[in-house]
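Hi,

Here is the structure I promised to pass on. Have a look at it first, and then read my notes underneath.

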Amino acid sequence: MAEAVAGRRPGLDRARVLAWAREYGVYVSVLALLLFNVVFTPNFVDPGNFRTQLVQVAPIVIVALGMALVIGTEGIDLSVGSVMALAASMVVLYLGYGPVPAVLVALAAGAATGAVGGALVAYVGVQPIVATLALLVGVRGLANVLVPQLKEISNPGLLALGSGSVAGVPYVVLIAAALTAVMAFVVRRTTFGRRIVAIGGNRTASELSGLPVKRLLLAVYVISGTLAAGAGVLATARLQAGDPTSLGLFMELSAITAVVIGGTPLSGGRIRVLGTVMGALLMQLLQATLIKHDLPQSWAQIVQAAIILAAVYAAGNRGAR
Amino acid sequence: MGAADAEIPVLEADGVSKRFPGVLALDEVSFALRPGEVHALVGENGAGKSTLIKVFTGAHRPDGGRVLVEGRPVAFGSPLEARRAGISAVHQEVGLVPDMSVARNLLLGREPRTRLGLIDLPRLHAEAERTLAELGVRADVRAPLRTLGVGTRQMVALARAVSVRARVVIMDEPTSSLEPREVETLFGVVRELRDRGISTVYVSHRLDELYQLCDRVTVLRDGRVAHTGPLAELDRLRLISLMLGRDVAEVRAGGVTRFSGEHAAAAEQPVLEARGLTRRHVLNGVSVSVRPGEVVGLGGLLGAGRSETAKAIVGALPLDEGEVTVAGTTLRRRRPVGAAIRAGVSLLPEDRKAEGIVPGLSVRENIALAALPRLARAGLVSEARIDALVETFMRRLRIKASSPHQRVDELSGGNQQKVLLARWLAMNPRILLLDEPTRGIDVGAKAEVQALVDELARDGLGVLLISSDLEELVEGSDRVVVLRDGTVAGQLGGGEVTEDRIMAVIAGDGAGDPSGEERHG
């Protein structure tokens with residue numbers, strides 16, 4: 001009803017504040033945390049420190065970009081951490097053929113994992129959380145079978161990917177930034193991006209509007225898997241070792257956190273690409289801040305939990321009209 | 001209001017105002033509900049009906065004026081408080097829990113408990129069965145609600161409202177998804193309530209119902225009371241003119257519905273032919289054809305297979321057998337809906353909210369949804385082309401939104417429906433399948449949609465019109481195909497298209513021509 005434009009009562013101000021917080025809270029928080037550190041943390045304003053922070057956050061950003069797409073369709077991809085491990089083992093196995101083939105095989109493995117998850121979700125109708133949980137377990141196992149223990153890597157080409165830089169900016173950071181730009185463009189300006197958001201908003205309506213819903217869902221999971229594999233390759237290059245046992249553990253949680261804090265609701269229908277990057281940055285900064293002030297890691301986790309709750313609270317109130 | 005009758009109103013609004021940003025939804029509205037009366041509340045969309053109801057049910061707090069229950073001022077802080085005061089509402093979009101059993105739904109929040117505080121299932125079921133039986137509703141109270149038809153679900157919602165021992169029952173479009181038989185049951189219930197002294201506020205767009213059922217009427221227009229008084233003293237034309245705020249003569253000239261009637265369908269070949277659509281338990285060899293410029297009505301009771309036929313035509317319902325040809329080409333069934341849309345067949349689905357709009361997105365995005373590929377080059381969306389398209393259709397269909405960027409779920413039902421129509425018209429379809437296009441939208445929007453259908457048909461579009469509103473079906477259609485239990489029960493054309501004949505076919509009196517389909521093949 002027209003009156004439903006409505007819903008606005010005196011409490012409106014609260015709703016408005018929440019809507020604002022959902023949209024911009026993450027930016028403000030990052031800014032505030034930066035300012036805090038600039039003022040109170042010794043040696044924070046140091047190029048080396050910035051570089052370290054960004055290098056550490058880059059893989060999370062890359063994984064979270066894919067996760068944002070998946071969550072935008074009202075799905076979730078728990079397999080990303082295991083896909084990183086799989087990518088690491090692929091790199092170890094195929095590095096003998098040179099760094100380029102090894103990286104391509106790793107990316108293909110990620111895409112294939114994504115395709116399996118996507119097919120289960122789109123064509124078989126398995127719930128995303130179940131389908132990708134199975135992959136989380138199975139793919140980690142596969143990665144461990146392929147490469148049972150940590151293998152050091154000495155191929156200079158691959159190592160350069162992890163440690164090289166252009167004008168002082170590490171490749172890893174450049175790649176993450178470039179992928180962010182591409183993803184923002186895809187979401188905003190392409191038919192693909194618009195359709196994904198519509199699927200997340202109302203799948204039945206999208207189907208009846210002639211959208212190839214299944215193919216789009218499949219594509220989204222393939223993208224997520226490929227990006228996770230890319231993150232796995234970069235992390236491996238930086239570690240100078242392939243470590244399928246522990247690489248990417250809990251990455252799915254970091255990525256989901258970044259996405260949710262960034263303003264993309266778990267219920268889908270909206271994707272915030274820059275917000276996602278900011279979400280990842282916020283978590284990274286928070287951790288760094290607490291460590292630099294000699295507070296234990298556990299504190300960081302507790303504060304993270306609080307931030308996640310705040311983000312979900314703000315998101316949950318959007319419908320409270 | 002000549003209510004000098006010493007009776008104290010059970011529910012009263014005294015100069016109630018309610019303001020939303022940019023809108024004065026209620027402007028000093030006074031309304032009095034007498035004990036044991038059925039009071040019609042009518043008005044166009046945005047007239048303030050829903051807001052007034054929400055004030056009565058505690059969902060909105062008025063900004064000015066008072067609400068009185070039996071003469072005492074009340075200030076409901078929540079719907080629960082209103083319910084405790086004996087005011088029950090049956091909402092347009094029913095708030096039931098689909099996965100719970102019928103019995104749980106009926107007694108939600110009032111479940112009988114065992115001594116351990118657990119739900120006492122035997123008593124729960126017995127009580128639910130008794131409640132439904134009193135209303136003449138037959139349903140398995142143990143079955144999950146979602147397994148029931150829309151009509152029965154609605155009756156459960158009504159039964160729930162009635163069974164909380166309400167003093168006032170507010171019914172907002174209660175019959176919009178009921179079959180005629182169920183409507184009769186409902187009316188029986190309402191009269192029963194009246195005899196027990198319970199008052200009813202009855203909101204409906206169906207004038208027939210109002211005149212059958214209601215004692216008095218209050219007409220709202222633009223947030224003000226346009227009229228209050230006994231309904232019998234008001235003829236239909238006068239009532240419509242009060243609602244629309246137009247002259248009686250003007251309404252008369254325009255007719256009650258906006259359909260003009262005949263279209264020049266003539267001898268052309270069908271543009272759409274569906275043959276032998278079959279799906280187990282649902283459709284059994286349904287054949288329908290539509291020619292360019294023709295409006296074919298699809299009649300029948302709820303569950304006769306009307307919506308299913310429409311869905312099967314666009315490929316949204318998998319078929320066991322049957323084929324659909326558009327302009328002589330058989331539709332590929334592999335990527336069904338997309339194929340149908342490309343061939344020029346579009347479906348406006350029955351359930352606007354669940355199957356139509358994408359609620360979180362803007363009006364603009366909703367209109368452009370299906371047409372996106374056409375508005376893009378190499379997968380890149382052209383904002384300028386979208387803007388142009390959206391502007392054209394917002395103007396043409398007179399979609400009322402604060403801007404193209406307003407969220408579509410903030411619009412009224414009528415405007416949402418227009419957004420969906422725009423989505424399909426943007427595809428330049430050859431055939432439109434309209435499933436209940438005017439359900440739950442106000443009189444004004446209804447007339448506009450009807451006029452639009454007429455105009456489209458005159459321009460050569462083929463239309464398949466599904467409507468539970470017989471009047472709409474009769475006045476809008478050139479031909480009516482009547483379905484019964486998933487088969488074509490008969491077909492009426494020309495002068496045969498009357499409410500009586502349709503009902504006769506539905507009832508199975510052999511009035512129609514069961515082989516009519518072949519005649520046109």
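**Confidence first**

Residues 1-10 of chain A keep a pLDDT (the predictor's confidence in each residue, from 0 to 100) under 50 throughout, and the model has 31 contacts beyond four places in sequence for them, a contact being heavy atoms within 4.5 Å. Residues 317-321 of chain A also stay under 50, with 12 contacts beyond four places in sequence. Where pLDDT is low, the predicted coordinates should not be read in detail. Chain A as a whole averages a pLDDT of 90, and 94% of its residues score at least 70.

Some bookkeeping: this is a predicted model, in which local features need pLDDT of at least 70 and side-chain atom pairs count only at pLDDT 80 or more, while totals for chains, interfaces and linings use all residues. Residues are numbered from 1 along each chain as its sequence is written, chains are lettered from A and ligands numbered from 1 in the order in which they are written, and side-chain values use heavy atoms, with hydrogens and water left out.

**Chain B in outline**

Chain B has 19 helices and 22 strands; these are DSSP runs numbered from the N terminus, helices being H or I with at least four residues and strands E with at least two. Of its 521 residues, 56% are buried, where buried means under 20% relative accessible area, exposed over 50%, and partly exposed in between (1.4 Å probe, protein chains only). Chain B exposes about 21,700 Å², with 49% of that supplied by carbon and sulfur atoms; areas come from the Shrake-Rupley method with a 1.4 Å probe, and for residues only the protein chains shown count as cover. Among contacts in chain B with a separation of 6 or more, 65% are between residues 24 or more positions apart.

**A covered strand and a buried Asn**

Strand 7 (residues 168-172) of chain B has 5 of its 5 residues buried. Val168(B), Ile170(B) and Asp172(B) lie on one side and Val169(B) and Met171(B) on the other, so to speak, with both faces covered. Strand 7 runs parallel to strand 6 (residues 87-90) of chain B, joined by 4 bridges, and Ala89(B) stands opposite Ile170(B). Strand 8 (residues 199-203) of chain B also pairs with strand 7 in the parallel sense, over 5 bridges; there Val169(B) has Thr200(B) as its bridge partner. Pairing here requires DSSP to find at least two bridges between two strands.

Asn105(B) sits in helix 3 (residues 102-106) of chain B and is buried, at a relative accessible area of 0%. Leaving out residues up to four places away in sequence, Asn105(B) touches Leu96(B), Val97(B), Met100(B), Leu145(B), Val156(B) and Arg160(B).

**An open antiparallel sheet**

Four strands of chain B form an open sheet with antiparallel pairing, in the order 12-11-14-15. Strand 12 (283-290) and strand 15 (329-330) of chain B are at the edges, each with a single partner strand, so one side of each has no neighbour in the sheet. Strands 11 (residues 272-279) and 12 of chain B pair over 6 bridges; Arg279(B) is partnered with Leu283(B), and Leu272(B) is opposite Val290(B). Their hairpin has 3 residues between the strands, and His281(B) takes a positive phi near 70° in it. Strand 11 also pairs with strand 14 (residues 321-326) of chain B, over 5 bridges, with Ala274(B) opposite Val324(B).

**Salt bridges**

The count over all chains comes to 31 salt bridges, taken as a side-chain nitrogen of Lys or Arg within 4 Å of a carboxyl oxygen of Asp or Glu.

Look at Arg194(A) and Glu383(B), whose side chains meet in a salt bridge (2.3 Å, N to O). Arg194(A) lies in helix 8 (residues 191-201) of chain A and Glu383(B) in helix 14 (residues 383-396) of chain B, so this pair joins two chains. Arg194(A) is buried at 10% relative accessibility, whereas Glu383(B) is partly exposed at 25%.

Within chain B, Arg66(B) and Asp14(B) form a salt bridge with their closest N and O atoms 3.2 Å apart. Since Arg66(B) is in strand 4 (residues 64-69) and Asp14(B) in strand 1 (residues 11-20) of chain B, the pair ties together parts that are 52 residues apart in sequence.

Asp454(B) and Arg458(B) also meet in a salt bridge (3.9 Å, N to O). They are 4 residues apart in helix 16 (residues 443-458) of chain B, separated by about one helical turn. Asp454(B) is buried at 3% relative accessibility, while Arg458(B) is exposed at 54%. Elsewhere, salt bridges with shared partners link Arg189(A), Arg194(A), Arg364(B), Glu365(B), Glu383(B) and Asp387(B) into one network.

**A nonpolar patch on chain A**

Phe36(A), Val38(A), Val39(A), Phe40(A), Val45(A) and Phe50(A) make a nonpolar surface patch of about 560 Å². Patches are made of residues with over 30% relative accessible area and no salt bridge, joining like charges within 9 Å and nonpolar side chains (Val, Leu, Ile, Met, Phe, Trp, Tyr) within 5 Å. Helix 1 (residues 12-40) of chain A gives the largest share, 4 residues. Phe40(A) belongs to helix 1 and is exposed, with a relative accessible area of 53%.

Cheers
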